[in-house]
Amino acid sequence: MAPDVTTGALGGSLQRFLRWDVLVGVLLVFVFAGGLTGSPQFGNIDNLSFALGDLGEIALIALAMTLLVVAAEVDLSVASVLGLSSALVGNLWDAGWAIETIIPLVVVVGALCGLVNGLLVTRLGLPSLAVTIGTMALYRGLAYVVLGDRAVAGFPQQFTDLAVNDVPGTFIPYPVMLFVALAAVTGVVLHATGFGRSLFAIGAQVEAAHFAGIRVKRIKLILFVVASVVAAFAGVIYTFRYGSARADNGSGLEMAVIAAVLLGGVDFDGGKGTLGGVIAGVLLIGLLRNLLMLNDVSTEIQSIVTGLLLVISVITPRLVAAVRQRRRTPTLTTQPTPEG
Amino acid sequence: MTEPPGGDAPPVLALRGVSKAFGAVQALRDVSLELFAGEAHALAGENGAGKSTLVKTLTGVYRPDTGQLLLDGEPVEFHSPADAQNAGVAVIYQEPTMFPDLSVAENIFIGRQPRAALRRIDRGAMHGRAAELFKRLGVALDPEQPARGLSIADQQLVEIAKALSRDARVLIMDEPTAALSGAEVTRLFNVVKALREQGCAVLFISHRLDEIFELCQRVTTLRDGTWIASEPVAGMTHDDLIRRMVGRDLDALYPKLDTVPGEVALKVHRLTREGVFTDVSFEVRRGEIVALAGLVGAGRSEVARAIFGVDRWDAGSVEVNGRGLPAASPTAAMSAGLALVPEDRRQQGLVMEQSIERNIGLTGLKNLRRGPVISRAAERDRARDWAIRLQLKFNRLSDAVNVLSGGNQQKVVLGKWLSTRPGVLIIDEPTRGIDVGTKAEVHRLLSELAADGLAVLMISSDLPEVLGMADRVLVMQEGRLVAEIPRDAATEESVMAAATGRAS
Ligand SMILES: Nc1ncnc2c1ncn2[C@@H]1O[C@H](COP(=O)(O)OP(=O)(O)OP(=O)(O)O)[C@@H](O)[C@H]1O
Ligand SMILES: [Mg+2]
């Protein structure tokens, strides 16, 4: 029976400390402190509020992306869905529709986009990386069909205000409040519900999940729909925040989202990750973007930085694992064994 | 045969005073072992006794914390599995890992293919040499056939051929027979006996004691990581060996209690899956244990998978307690009270990187809910309950199942499904890799559950298990149900005759 031996407390807490998501949290604090000392405008409440707001869409989409990546899928088409949504908002507003009708319609279109992604992946068994590269181009193309090269502006102030203003008495913009609420929900779903347990099982060992009665296909379909719905709604926020609807809105945003998720310690192969880590990853990306912007670094460099972060966050855990494997210290207990 | 074979020659490979710990778990404690040329040496012990760990120390996967390895009497250190291979030490695992898209010959010579001019791979020479190896082993395998689709038994033979091609002097086999049927075991043993006579040293692990007595000359027993004895097999009885392993006397066989079968719980009617199995009909009543026997590949597991809904069926129907099941829905099958303990625990049974409690909880996500969220306490209680009932050997319930020994992983799979309190249990190789003591325990548990009204459909390649446990034996052959044998008439001969298609 179980000899309930507890490992040394020190070893335990040391290992917890070395968890990737905690490290990212620490890094976040350092970057923040560095920003405060390095740049006079950085600590300014207005700037922080702006930085948070500027992060809103990435943050929102990252929540849904986390669920997908934990289940070993990915959606590269989110930024195109955002663009399509923005183009639709512009086109319909131009055509005289009321914003109150446009928003639900755009969300439904988002759901359809997600349905297409999800059905291609679950019914045809195609890899989501390939499927969503395709639909990334497709949805962006549709955005141009809808709005062409035009930019539509002049949205009602009550809506643009909602997208940029802070919740009264705080420096937190409304979209960020929405993020906080959704993050809380996502955290509970991922870490405390049966649905979340199912996602981790699917990502780690899909066959075992299937054998345990988990509806793998249905769950994946739901995740793709959720991701696109969130992206479509983020498109509405984006449009109002900039006060301008364009077909190329948010292009390249998917990279920042995925970088944030991987930086947050979610394993691209699925089955591992925490929402806390992702939030730290999102904030880190946001701070870095803001710092680069304050220092007038060009968007090309910003994109390079995002790319580097992405590569680093994919490579580092693997390097660490490889080094550990090499050393094969006796305290290493999670090593998979060839036979068991 | 009481003298170590080999006379004065030092052991080919030996361990001296080896210890190995994983965190708080002492897997090996001051263990010594000597393997001589020309002898087959058994390693016996309960689940978690440290057998696989010992194998991994011998083959360079782990390095001992203390103690040494001796090769031909000289101290050596293996820093990697490659070192051990180069020293002539080969391992065959229960489930070999092959490159499915490469041919059999390519798998044998991977990385060392014979070269022709311009460093091109010389396929002719490679196939010729592979054919030679198979001839030496006395097996009929085609070197040009792709490895995909080989049975586990054939894959093991390919691994042995690979070992031979590297001039292995020590052949280590960790539970090679757990996934084999009777005829395949016989074939494997013939090969191993021939190798032994050619001067190979063999280390053999199995939980089937008969096999140890058939194949081996000496046996070393481990208990909780400690060396208990190394002694000749001749003159020992099963009970002697069990006593060494467990430390006390034990009834290895637990025959099923007689029960009066109740209503029909599972009714399978003319079930067909094209090209896999055809027109399979049978019933299992409450309180009954029905065995599905047959050769490996007869389609037994496939029938089980279709009933449970992980595969779809093309024709026929399945009823649980009189209600029809929809095709291809494990979820519906589970709500109807069906459970399936699948044959492949690493892929189908467990999420290897997740904890014991998560794995056991995975089948009960609905029951563990308190409001919308999972109650960790309930999850833990459920896991602890079953860990205790199944005598699971573990450190913490939050440990990943991939650090458990093979037999203990199997217990987690059992707990995962028994904890759903099913009305119909389909169990594919229930005691694969489980030690004698626990096997009796599992049999007792199944028997008790049947007495409480559980209907059990058991697939097993272990004939004594089938004969001891089953009220009825259904025999499948090439995808068809060919015989139904009542308990009284079920003998090793009658079941094998039906399974191989010889008229009984
Ligand atoms: N990598 C590891 N990390 C932590 N503990 C381990 C690891 N490998 C083995 N153990 C532990 O060491 C002990 C011995 O395991 P081992 O696999 O050697 O047993 P075994 O005798 O092969 O059992 P079985 O008959 O079930 O295969 C077990 O308690 C197991 O949980
Ligand atoms: Mg083992």
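This short talk covers the site around ligand 1 and then the cavities.

A word on the source before the details. This is a predicted model.

Let's start with the ligand. How many residues surround ligand 1? The count is 21. The closest are Lys51(B), Ser52(B), Thr53(B), Ser405(B) and Gly407(B). Those five are in chain B, but chain A takes part too. Residues from both chains surround ligand 1, so the site is shared between chains A and B.

Now the polar contacts. I have three for you, each to chain B. Take Asn47(B): an N or O atom in its side chain is 2.8 Å from an oxygen atom of ligand 1. Next, Ala49(B). Here a backbone N or O atom lies 3.2 Å from an oxygen atom of the ligand. Then Tyr62(B). An N or O atom of the Tyr62(B) side chain is 3.4 Å from a nitrogen atom of ligand 1. How much of ligand 1 does the protein bury? Taken alone, ligand 1 exposes 640 Å². The protein buries 95% of that.

On to secondary structure. Which elements of chain B each supply at least two residues of the shell? Strand E2 (25-35), helix H1 (51-58) and helix H14 (406-418) do. H1(B) gives the most, with three residues.

What about the character of the shell? Seven of its residues are nonpolar, ten are polar and four are charged.

And the domains. Why does ligand 1 lie between two domains of chain B? Because domain 1 (13-98 + 150-247) and domain 3 (352-417) both give residues to its shell.

Let's leave the ligand and turn to the cavities. Searching the whole structure finds six cavities of 30 Å³ or more. The largest holds about 140 Å³ of space. Its lining is made of 15 residues. Which lie nearest the centre of the largest cavity? They are Ala178(B), Arg208(B), Thr431(B), Arg432(B) and Gly433(B). By class, the lining has two nonpolar, six polar and seven charged residues.

Where does this cavity sit? Domain 1 (13-98 + 150-247) and domain 2 (252-337 + 422-500) of chain B both give residues to the lining, so the largest cavity lies between them.

To recap, domain 1 of chain B gives residues to the shell around ligand 1, and domain 1 also gives residues to the lining of the largest cavity. Domain 3 is the partner at the ligand, and domain 2 is the partner at the cavity.

Methods
Residues numbered from 1 in each chain as written. Chains lettered and ligands numbered in written order. Predicted model: local features only at pLDDT ≥ 70, side-chain atom pairs only at ≥ 80, totals over all residues. Heavy atoms only, no water. Near = heavy atom within 4 Å. Polar contact = N/O pair within 3.5 Å; in protein donor to acceptor, adjacent residues only side chain to side chain. Areas by Shrake-Rupley, 256 points an atom, 1.4 Å probe, with all protein chains shown as cover. Helix = DSSP H or I, 4+ residues; strand = E, 2+ residues; numbered from the N terminus. Nonpolar A, V, L, I, M, F, W, Y, C, P; charged D, E, K, R; others polar. Domains from an automatic or database assignment. 1 Å grid on protein atoms, 1.4 Å probe; cavity = no way out; pocket = protein on both sides within 12 Å on 5 of 7 lines; lining within 4 Å. Points joined across faces, edges and corners; volume = space filled by probe spheres on them.
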